[in-house]
Amino acid sequence: MKVIWAVMAVFIVLLQVRLWVGEGSFAQVWQLQQKIDVQKAENANLANRNERLYAEVLNLRGGQGAIEERARMNLGLIREDETFFLVVEP
């Protein structure tokens, strides 16, 4: 009878070892959950960036006003009927 109890005790210990240390253990599940949380945060940031870029694309497709504004700010666009003034501060 003692042999059966000893075998059962060893079997229970082996099951506990797998629960705490082996594949699919609590530690591994916790670590994977942390990785999932980090990936979800990164995905949210990228989704936000994609929405801003999509809005910018729609704005550029929508009319010449947005394109002209960009050309004025980034490329120094001046129309033929406009006068350019350069203000130099000392």
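Helices here are DSSP runs of H or I with at least four residues, numbered from the N terminus. On that basis the elements of this predicted model follow the order α-α-α from the N terminus. The chain holds 3 helices and 0 strands.

**Overall form**

The radius of gyration of the chain is 33 Å, whereas a compact globule of 90 residues would have one near 12 Å. Along the principal axes, the C-alpha atoms occupy a box of roughly 105 × 40 × 10 Å. One pair of residues gives a sense of this extent: Met1 and Leu75 are separated by 74 residues in sequence and by 91 Å in space, C-alpha to C-alpha. Leu75 belongs to helix 3, which covers residues 64-75.

**Surface and charge**

Of the 90 residues in the chain, 3% are buried. The accessible surface amounts to about 8800 Å², and carbon and sulfur atoms account for 63% of that area. Side chains with a positive charge number 10 and those with a negative charge number 11; the centres of the two sets are 18 Å apart.

**Three residues compared**

The table sets out the place and relative accessibility of selected residues.

| Residue | Place | Relative accessible area |
|---|---|---|
| Ser25 | loop between helix 1 (2-20) and helix 2 (26-62) | 2%, buried |
| Arg18 | helix 1 | 58%, exposed |
| Leu75 | helix 3 | 72%, exposed |

Ser25 counts as buried because its relative accessible area of 2% is under the 20% cut-off. Arg18, at 58%, and Leu75, at 72%, count as exposed because the cut-off for that class is over 50%.

**Contacts around the loop**

What does Ser25 touch when its neighbours within four places in sequence are left aside? Its contacts are then Arg18, Leu19 and Trp20. Ser25 itself sits in the loop that joins helix 1 (2-20) to helix 2 (26-62). With the same exclusion of neighbours within four places in sequence, Arg18 is in contact with Glu23 and Ser25. Arg18, a residue of helix 1, is thus listed as exposed at 58% relative accessibility, while its partner Ser25 is buried at 2%.

**Confidence**

The mean pLDDT of the chain is 86, and 100% of the residues score at least 70. Among the elements, helix 2 has the highest mean pLDDT, at 92, and helix 3 the lowest, at 80. Predicted coordinates should not be read in detail where pLDDT is low.

Methods
Residues are numbered from 1 along each chain as its sequence is written. Side-chain values use heavy atoms; hydrogens and water are left out. The radius of gyration is taken over C-alpha atoms; the globule rule is 2.2 Å times the number of residues to the power 0.38. Buried means under 20% relative accessible area, exposed over 50%, partly exposed in between (1.4 Å probe, protein chains only). Accessible areas come from the Shrake-Rupley method with a 1.4 Å probe; for residues, only the protein chains shown count as cover. Lys and Arg count as positive and Asp and Glu as negative; His and the chain ends are not counted. The place of a charge is taken as NZ of Lys, CZ of Arg, CG of Asp or CD of Glu. Contact means heavy atoms within 4.5 Å. pLDDT is the predictor's confidence in each residue, from 0 to 100.
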